[in-house]
Amino acid sequence: MNDTRPLIARLNWYWIFQLAGWGFLPLMSFTFGAWRMPGLMWVMVWGAVSGVLITDLWHRLLKRRMRNGQRTSWKRVGVAVLVLGTIHTCVQYVGYLVFQSNVVARGFGWVPSALLSWWAIYLVWNIFYMAVISLRRANRAESEALRLEVAAKDAELRALQAQVNPHFFFNSMNSVRALIYEDADAAAMMIDQLASVMRYALQSGHHETVPLAAEMEAVQAYLAIEKIRFEERMRVSVDIGIGLDQVRIPPMALQTLVENAVKYGVEASPTGSEIRIRAQRMDNGAVHIEIANLGAIVPFANSTKVGLVNTRKRLLLALGDNAQLDLSENSGWVRATMTLPEAA
């Protein structure tokens with residue numbers, strides 16, 4: 001499988017920093033004239049290679065501890081700095097014996113300064129290493145938290161969408177049942193329309209959002225079902241602004257609001273109601289989608305409340321905090337207005 005990560009993410013930064021850091025030792029000695037003394041240059045190379053090997057063994061030991069769930073305290077790191085620095089001092093002395101035996105110091109006066117130097121180098125190495133490990137852990141924890149948040153959001157959205165479809169199908173099947181004894185042809189036409197809506201609901205359920213044009217096709221099929229049932233009692237007008245066909249909305253969100261308008265506007269009134277569906281882009285770039293029906297807000301309509309709460313949550317999950325759903329009543333009209341952010 002091809003690795004599609006960016007090049008910077010595919011690089012092995014551990015070895016890049018290892019080689020660059022320890023390679024600085026012979027490079028520095030070369031800059032200060034070690035090239036005039038080949039033996040000393042080889043001592044510096046010896047020290048750099050030894051440093052790579054010693055720190056890599058320590059790195060592997062730390063990784064094994066982390067895989068086993070063991071934490072490495074700073075006290076343990078401090079002890080390791082003393083041990084590693086001491087080992088390297090001994091190894092470096094061997095390097096002098098091999099490559100620069102003629103300049104090996106007599107006695108042990110050089111030991112304290114050598115130990116302090118290598119202890120300081122290994123302390124810096126461990127501080128940088130632990131800082132990088134801590135940063136990687138923080139990034140992984142943040143990525144995992146983000147992944148879990150997305151998964152939770154997706155699960156909640158699926159659960160909310162799953163609540164919509166059975167409710168709609170139950171109402172529609174009741175309409176078919178009521179009509180089948182009155183007009184068989186009309187009932188057959190209603191079943192065809194219902195199959196169209198069911199197909200859309202099942203297909204769109206796999207997506208967080210769908211184009212407004214696709215949602216409107218399902219709404220039109222649903223209204224055709226209810227038109228057969230209510231006949232002249234239901235009047236519908238649709239006004240979708242130019243260029244809004246591809247605006248993204250949660251699937252079945254518009255249909256839920258239209259269903260409420262039918263139930264509490266048309267069905268609740270002996271004379272029926274007009275249902276107006278209008279979508280327009282505002283000056284600030286946001287999109288308003290309004291579903292209006294003649295009537296009044298029913299104070300204790302639990303079904304309406306559940307539908308609105310469900311749709312409001314789905315808007316929030318799918319489109320973010322700037323997406324809103326408001327219900328208002330003015331001059332005998334009940335209006336449900338979805339406000340979608342500009343990005344929609």
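**View A. Backbone conformation just after helix 7 in the predicted model.** Directly following helix 7, Glu231 adopts a positive phi of about 50°. Glu231 does so although it is not a glycine. The residue lies in the loop that connects helix 7 with strand 2 (234-240). Because the cut-off for an exposed residue is over 50%, Glu231, at a relative accessible area of 51%, is classed as exposed.

**View B. Span and buried residues of helix 7.** Helix 7 comprises 19 residues (residues 212-230). At 1.5 Å a residue, the helix should span 27 Å, and the distance of 26 Å between its end C-alpha atoms agrees with this expectation. The buried residues of the helix include the hydrocarbon side chains of Leu212, Val219, Leu223, Ile225 and Ile228. Also buried in helix 7 are Glu215 and Glu226, together with Met216, Ala218, Ala221, Tyr222 and Phe230.

**View C. A patch of negative charge on the surface.** Five residues gather here: Glu182, Asp183, Asp185, Glu231 and Glu232. One of them, Asp185, belongs to helix 6 (residues 184-204), and its relative accessible area of 64% makes Asp185 exposed. Glu231, from the loop between helix 7 and strand 2, is likewise part of the patch.

**View D. The loop between strand 6 and strand 7.** Ser331 is located in this loop, with strand 6 (324-330) on one side and strand 7 (333-340) on the other. Its phi is near 55°, a positive value in a residue other than glycine. With 67% relative accessibility, Ser331 counts as exposed.

Note on methods
Residues numbered from 1 in each chain as written. Predicted model: local features only at pLDDT ≥ 70, side-chain atom pairs only at ≥ 80, totals over all residues. Heavy atoms only, no water. Patch = residues over 30% accessible without salt bridge, like charges linked within 9 Å, V, L, I, M, F, W, Y side chains within 5 Å. Areas by Shrake-Rupley, 256 points an atom, 1.4 Å probe, with all protein chains shown as cover. Salt bridge = Lys/Arg side-chain N within 4 Å of Asp/Glu carboxyl O. Lys, Arg positive; Asp, Glu negative; His and termini not counted. Charge placed at Lys NZ, Arg CZ, Asp CG, Glu CD. Helix = DSSP H or I, 4+ residues; strand = E, 2+ residues; numbered from the N terminus. Buried < 20%, exposed > 50% of the residue type's maximum accessible area, 1.4 Å probe, protein only. Expected span 1.5 Å × (residues − 1).
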